[in-house]
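This report introduces a structure to a reader who has not met it before. Please look over the sequence and the structure, then read on.

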Amino acid sequence: FFDDDDGKDSYQSFISNFKSSNWRIEDNDKWIKILSVKGYPVQIFANKPEYDIYAQPEIFQHFADEGIEPAIIVHRGHSFYVDYTMKGISKTTKVVFLGSCGSYHNITKVLELSPQAHIISSKQTGTARVNDPLIKQMSEDLRASKSIDWPEFWKRLGNKIGTGGVFSDY
């Protein structure tokens, strides 16, 4: 999340998805950690918008200190910041979600970093209207220990938010 109006709004919308009895949010000064408290253990890390690119190195250092290899990397916000997020991708990353405008231009870079990764990206405009439900659905599926069947996942998501408009550009 980045320190502009869009980033601040997206951050608040994102956080609201995890204010339930299934999740706990821990504040770590420049970033947050969201933990599942029911079901399969899931950890989600996100920078606070006011610390945008400055928090990411701290999160990556936390991963190194704790021996965490992120299975999923998500980029939210403007595509000109995507290089900062892509520093977190490794060969073991399973899913890379680039939810920014025109993020499909980075698919080759992602595959160079993680050749086996599943990639979600936008051809046009990235929007919280798609990003938030997608992240929430993926997080809940993981918490419920469900395998992600991509065609079924996209169908369920489309049923929730509609299959036209910006959704068709993902």
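The sections below describe a few strands and three residues of this predicted model.

## Three strands side by side

Strand E5 covers residues 95-98. On one of its sides E5 pairs with E4 through 4 bridges in the parallel sense. Strand E4 spans residues 72-75. E5 is also joined by 4 bridges to strand E6, residues 118-121, and these two run parallel as well.

Single residues show how the strands line up. Histidine 75 is placed opposite leucine 98 of E5, while valine 95 has histidine 118 of E6 opposite. Between E5 and E6 the chain passes through helix H4, residues 107-113, and the resulting β-α-β crossover is right-handed.

Strand E5 is covered on both faces. Val95 and Phe97 are buried on one side, and Val96 and Leu98 are buried on the other.

## Histidine 75

Histidine 75 belongs to strand E4. Is this residue buried or exposed? Its relative accessibility is 1%, and the cut-off for buried is under 20%, so histidine 75 counts as buried.

Which side chain makes a polar contact with the side chain of histidine 75? The partner is threonine 85, at 2.7 Å. Leaving out residues up to four places away in sequence, histidine 75 touches Phe2, Tyr81, Val82 and Thr85, and also Phe97, Leu98, Gly99 and Ser100. Leu98 in this list is the residue that stands opposite histidine 75 in E5.

## Serine 10

Serine 10 sits in helix H1, which runs over residues 5-16. With a relative accessibility of 10%, serine 10 falls under the 20% limit and therefore counts as buried.

When neighbours within four places in sequence are set aside, the contacts of serine 10 are Phe1, Arg76, Ala128 and Asp132.

## Glutamine 61

Helix H2, made of residues 52-66, contains glutamine 61. The relative accessible area of glutamine 61 is 44%. Because this value lies between the 20% limit for buried and the 50% limit for exposed, glutamine 61 is partly exposed.

How many residues apart in sequence are glutamine 61 and lysine 155? They are 94 residues apart along the chain, and their C-alpha atoms are 37 Å apart in space.

How values were computed: Residues are numbered from 1 along each chain as its sequence is written. This is a predicted model: local features need pLDDT of at least 70, side-chain atom pairs count only at pLDDT 80 or more; totals for chains, interfaces and linings use all residues. Side-chain values use heavy atoms; hydrogens and water are left out. Buried means under 20% relative accessible area, exposed over 50%, partly exposed in between (1.4 Å probe, protein chains only). Contact means heavy atoms within 4.5 Å. A polar contact is a pair of N or O atoms within 3.5 Å; within protein, one must be able to donate a hydrogen and the other to accept it, and residues adjacent in sequence count only if both atoms are side-chain atoms. Two strands pair if DSSP finds at least two bridges between them. A crossover is right-handed if, with the strands pointing away from the viewer, the path from the first strand over the helix to the second runs clockwise.
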